[in-house]
Amino acid sequence: MGNLPHFQLFIDGEWSEGSDAQVMTSENPATGQGWATFACASAGDVDRAVAAAKRVLDDPAWRDMTQTARGKLLYRLADLVAEHAPKLGELETTDSGKLLAETSAQTGYVADYYRYFAGLADKVEGTVLPIDKPDMHVFTTREPIGVVAAIVPWNAQMFLTATKLGPALAAGCSVVLKASEIAPAPMLEFARLIEQAGFPPGVVSVITGDAENCAIPLTRHPDIDRIAFTGGPETARHVVRNSAENFAVTSLELGGKSPILVFEDADLDGAANGLIAGNFGASGQSCVAGTRGLVHRSILEPLIERIEQKASDIRLGDPLQAETHVGPLCTAAQVRRIEETLAKARGQGASIRFGGEIADRPGNYMKPTLVQCASPDTETLKVEMFGPVMSLLPFDTEDEAIALANSTSYGLGSGVFTQNLARAHRVSKRIRAGICWVNTYRAISPIAPFGGFNQSGYGREAGVEAILDYTRTKTTWINTAQEPMANPFIMR
């Protein structure tokens, strides 16, 4: 253990161990062996990070920096992220099991998120109000909301960090970034790029640790002004309860059971690829995974045959190897959850068309699985498993398909495959989800807002409006009359 790489916390511009000397070991999902250790933050370390973030808001080095200068720092960070994408990708793959082909490419693309928000930094404008009172000049300005607690899960770490850190820094906030204790190595390494980019000490601190010592003290801290959280609904409930202690503005990007609707006129190859991308891409470890495939009954069997054919070429293996399509799951708990869910589905009459087994190799490997469901109540259509499991259910009419799509407490992603343009518009409008992909799936951009409805959370990340979520509006009234203010007992 003493020879394993070790990662420290980054607080107020300094690298340190946790004040309680708590250290955790990170396990490589591809081998099941510990590969690195990392320091964990205590409540005292959280206090130190938040105090630095609060202090720097009044430090002229950050407070008085022009919006354009903040943008230039973000451009510098973007260049560093792009330059170090291969290394960050390798760390993320080793730590979480995601494919290197995806982590490296996604990290490189994440640089564009920082460039996008860098460009927006000096585009945040106020307005002069056409006020209904004489001798008054009234205008609004946007000011930084304050200290931000950004909480990021282990999957898609670089992407989900950029959607929070980019707009927060562009708006002039300070940020305490809390990485998941499950696989924090890439985020702790990313902190080196923040330091190298030249942000003043305290503007960004990067910590990790368990719920009791780190996450709870952070989310309920009295000096936190905004919480940006990505994770599961149960944890989100705790976050919301904690925010009652500080009244922090909170946004939640949670999970989902996203539907993919395939109509009888859909291109079968495109639909099969969309379903594979939405279920086996990222080994199914995606919040927008399209795990409820709703297929017109007339094409169900031909589509399954097409998926089976394509799935036969899927390579399960080492996520560091370029030829691998599906790697291990991040935790053994995910594998157990899938096994339990599949067993319940079989008992409900579902049939496993392929897969359904743990791969015979070290690590947390689950074979890509297709479940043909007998009814909408099938367990695999309800449980978010975070693994490579696709569930298909037939429908007969458009209205039935929409009703099935909306029969969930979630509402993050959705997909529609059809060659009928009118139907695409009609159906996408009626699906209750924050994102709808038509004849494609799992596409992202810094220009496009990302977020869900219902138990998939609230608030949006990315897009022009995201930066405004990290600001408060101030209204300024100036009396331009030559006469002094009159009767103080009358509201103006």
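This passage walks through the cores, a buried helix face, the aromatic pairs and the cysteines of a predicted model.

Start with the nonpolar interior. The largest nonpolar core takes in 62 residues, and the ones with the most contacts inside it are Leu77, Tyr114, Leu169, Phe190, Phe199 and Val206. Helix H6, residues 157–171, puts in the largest share of this core, with nine residues. Apart from this core sits another one, made of 29 residues, including Val262, Val288, Ile304 and Phe450.

Two residues give a feel for how the surroundings of the larger set are put together. Once neighbours within four places in sequence are left aside, Phe199 is in contact with Trp62, Leu73, Leu74, Leu77, Leu169 and Ile194. Of these partners, Leu77 and Leu169 turn up again among the residues with the most contacts inside the largest core. Thr161, for its part, is found in helix H6. Thr161 counts as buried because its relative accessibility is just 1%, under the 20% cut-off. Setting aside neighbours up to four places off in sequence, Thr161 is in contact with Tyr114, Val152, Gly166, Leu177, Met187 and Phe190. Tyr114 and Phe190, then, are contacts of Thr161 and also belong to the residues with the most contacts inside the largest core.

Helix H13, residues 398–405, is a nice case of a helix with a buried face. Its buried residues are Glu398, Ala401, Ile402, Leu404 and Ala405. These residues sit on the same side of H13, because they cover an arc of only 160° around the axis. The general geometry helps here: an α-helix has 3.6 residues a turn, so residues three or four places apart point the same way. As for what lies against them, the buried residues of H13 pack against strand S13 (259–262), strand S14 (292–296), strand S17 (389–395) and helix H14 (421–430).

Aromatic side chains come next. Across the whole structure, a search turns up twelve aromatic pairs. In the pair formed by Tyr116 and Phe117, the ring centres are 5.2 Å apart and the planes meet at 80°, so this one is edge-to-face. Both Tyr116 and Phe117 are buried. Elsewhere, ring pairs join Tyr109, Tyr113, Phe159 and Phe450 into a cluster; Phe450 is also one of the residues of the 29-residue core. Two arginines lie over ring faces as well: Arg192 over Trp15, 4.2 Å from the ring centre, and Arg361 over Tyr365, 4.4 Å from the ring centre.

Some of these aromatics come back around Ala462, which is placed in the loop between strand S20 (457–458) and strand S21 (471–479). Although in a loop, Ala462 is buried, with a relative accessible area of 4%. Not counting residues up to four places away in sequence, Ala462 touches Tyr113, Phe117, Ser445, Pro446, Ala448 and Pro449. Its partner Ala448 is 14 residues away in sequence, with a C-alpha to C-alpha separation of 6.0 Å.

That leaves the cysteines. The count of disulfides is zero. For Cys287, the closest cysteine sulfur is that of Cys330, and at 15 Å it is too far for a bond, given the 2.5 Å limit. Cys287 counts as buried because its relative accessibility is 13%. Cys373 is buried too, at a relative accessible area of 6%.

How values were computed:
Residues are numbered from 1 along each chain as its sequence is written. This is a predicted model: local features need pLDDT of at least 70, side-chain atom pairs count only at pLDDT 80 or more; totals for chains, interfaces and linings use all residues. Side-chain values use heavy atoms; hydrogens and water are left out. Buried means under 20% relative accessible area, exposed over 50%, partly exposed in between (1.4 Å probe, protein chains only). A nonpolar core is a set of buried Ala, Val, Leu, Ile, Met, Phe, Trp, Tyr and Cys residues joined through side-chain atoms within 4.5 Å. Helices (H or I, at least four residues) and strands (E, at least two) are DSSP runs, numbered from the N terminus. Contact means heavy atoms within 4.5 Å. The arc is that of the directions from the helix axis to the C-beta atoms. Rings of Phe, Tyr and Trp (its six-membered ring) pair if their centres lie within 6.5 Å; planes under 30 degrees apart count as stacked, over 60 as edge-to-face and the rest as tilted. A charge sits over a ring if NZ of Lys or CZ of Arg is within 6 Å of the ring centre and within 35 degrees of the ring normal.
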